Amino acid sequence: MLSPLLIILSIVAFVVHTLRHALSSPLNKIPGPWYAKFTSLVLKWNEFRANRTQYIHDLHLNYGPSVRIAPREVAFASAAAVKEIYCSGGSGYDKTEFYDMFRVYGRRTMFTTLNKDDHAKRKRIIADRYANTNIVRSPSLDGIAEGASNFVKRCFQSIGGSLDLYVRLHSYAFDCVTHHLFHPHGADSLLSSKDEEIMREVTFDDSLQNRLFQHYWPTAHKILGRILYMFAKPRETPLADKFVLDTCAQTDTTPFTLLNRLQNPSYNLDHTDVAAECLDHMAAGIDTTGDALCFLMWELSQPSSLHYQRKLQEELLANPGASFDKLPYLDAVVMEGLRCFPAIPMSLPRYVPCGGRTVDVFFLPAGTIVSCQAYSVHRIDRSVFPNPDAFNPDRWLEEKGDPERKRLFFAFANGGRGCVGKHLALAEMKMLLQAVYSRFTTLPDAAMAPEELGMSDQLISSRPAGQRCLLQFIPLDAVTGE
Ligand code: HEM
């Protein structure tokens, strides 16, 4: 039995240690709420409530572009900080153990490697599969075109009612990504009725609290595991796991796919490594592109944005058959969509390297956790993004301020660890919007409440809170009366 005296002494020792550390920390000169000097509990509380992004953004609005958010953690929102943290030395500072939560089949993938050298090795194998030249080669684009055409069929079928974009866009992203990763010789498509079940398993995931608890308090998680499962489910994706393990066992793969590259014997990757990398890209490519398109199409359908939708339609109708990457207004709409609703709006945490570094004007000791979040980087500097909360694609067409806007565009992160799937994602987004808005006007369904499209943070990405998005599709010839 612990004696009461021992308990009191332990508490006193803990308080004295925390106070000493808090009062002598070199981070004390960084603005922030008083409690961030002593505890990370408020930050964690907001993470558990799926509200981390907005919490940090509110701190930026109160304290400026550099803000201390926990005893050892600082958030930044300036272009200079983005450059220092994510681009110095090519791929910026090393990732923190936060990324352990994303390990697949117990293995590290390109996304979850923590240090530069391991990352560079894996990236040398993978990068060329995602280069723009590989994406715009017809086999890859064929998969996206087929997905967009299936989506348009669903839009036509929904006329007179509504379509749940959330489900359909995630299915579309699933089709595009699996085509890019696995498309086998001779088969037109991998699509089957099973695919929607797999997509649902990956997308409708309720494991946020369980995974955070396990990450922050692993011992308590082990002890309380079973009780915890009653309130917070663990992440379980048996269908997706099996699908990827089985698919990665095939040997007859098409040259442009990621699987084909990873199976090259000279890279020495075993079956589990290959499957882990592929499952990781599947997860990275479904929710991001699906959520980004969902938020964007919802916004374009609002009365306040219908004139932007009209301009987009005019450009598409004036340029039938134009390539998706030759349409400036479509590009502006996608950039503004990703600025306002970046699918990964949250902090991307990194460790300050040995010797410490200066970020903005603050010297930070080695081991400090630093991060930027796209949601704030895209809003904080009003001289670059005036009226930052307003959706306004036209801002991307102004020549003045173009370099500054691009410098602050952080939706795909930056530097050597930025999104490798960026060109694929942009092709998917643009081809789908081109296919839809050259045929339809979209309007919100009356059954939708605006809160359903509020941001709900997951571990690193943010999804629409209601996980549904009902839109009506009105054919353009019906609107113009042709
Ligand atoms: C709109 C869609 C997308 C957005 C907004 C997005 C955003 C991002 C961001 C911000 C990162 C950096 C994360 C970090 O540092 O923690 C990232 C990394 C990554 N993304 Fe994407 N992504 C998108 C689509 C895709 C797609 C379609 C794929 C592949 C199929 C993909 C695969 C990856 C991978 C593998 C990484 C890790 C890169 C590395 O560590 O070198 N992403 N993405």
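This passage describes the surroundings of the ligand and the two helices that contribute to them.

In this predicted model, the ligand is surrounded by 24 residues. Those closest to the ligand are Ala284, Gly285, Thr288, Cys419 and Gly421. Two elements, α14 (271-300) and α19 (422-437), each give two or more residues to this shell. The largest share belongs to α14, which supplies six residues. Sorted by class, the shell around the ligand consists of 16 nonpolar, six polar and two charged residues.

Cys419, one of the residues closest to the ligand, deserves a look of its own. Its position is the loop that runs between α18 (402-407) and α19. Cys419 counts as buried because 20 C-beta neighbours lie inside 10 Å, and 20 is the number from which a residue is classed as buried. Leaving aside residues up to four places away in sequence, Cys419 touches Phe412 and Ala413. In the UniProt record, an unreviewed entry, Cys419 is covered by the annotation "binding site".

The two helices named above also meet each other. The axes of α14 and α19 are 10 Å apart, and the helices pack at an angle of about 35 degrees. Their crossing is right-handed. On the α14 side the contact is made by Thr288, Thr289, Ala292 and Leu293, and on the α19 side by Ala425, Glu428, Met429 and Leu432. This contact of α14 with α19 comprises five nonpolar, two polar and one charged residues. Thr288 thus appears twice in the picture: among the residues closest to the ligand and in the contact of α14 with α19.

Key. Residues are numbered from 1 along each chain as its sequence is written. This is a predicted model: local features need pLDDT of at least 70, side-chain atom pairs count only at pLDDT 80 or more; totals for chains, interfaces and linings use all residues. A residue is near a molecule or strand if its C-beta atom, placed from the backbone, lies within 6 Å of it. Helices (H or I, at least four residues) and strands (E, at least two) are DSSP runs, numbered from the N terminus. Ala, Val, Leu, Ile, Met, Phe, Trp, Tyr, Cys and Pro count as nonpolar, Asp, Glu, Lys and Arg as charged, and the others, Gly among them, as polar. UniProt positions are given in the numbering used here, feature names are shortened, and annotations may be inferred rather than shown by experiment. A residue is buried if 20 or more other C-beta atoms lie within 10 Å of its own, exposed if 12 or fewer, and partly exposed in between; C-beta atoms are placed from the backbone. Two residues are in contact if their C-beta atoms, placed from the backbone, lie within 7 Å. Axes are lines fitted to C-alpha atoms, for helices over the stretch in contact, and angles run from 0 to 180 degrees between N-to-C directions. A crossing is left-handed if the near helix is turned anticlockwise from the far one by less than a right angle, and right-handed if clockwise.
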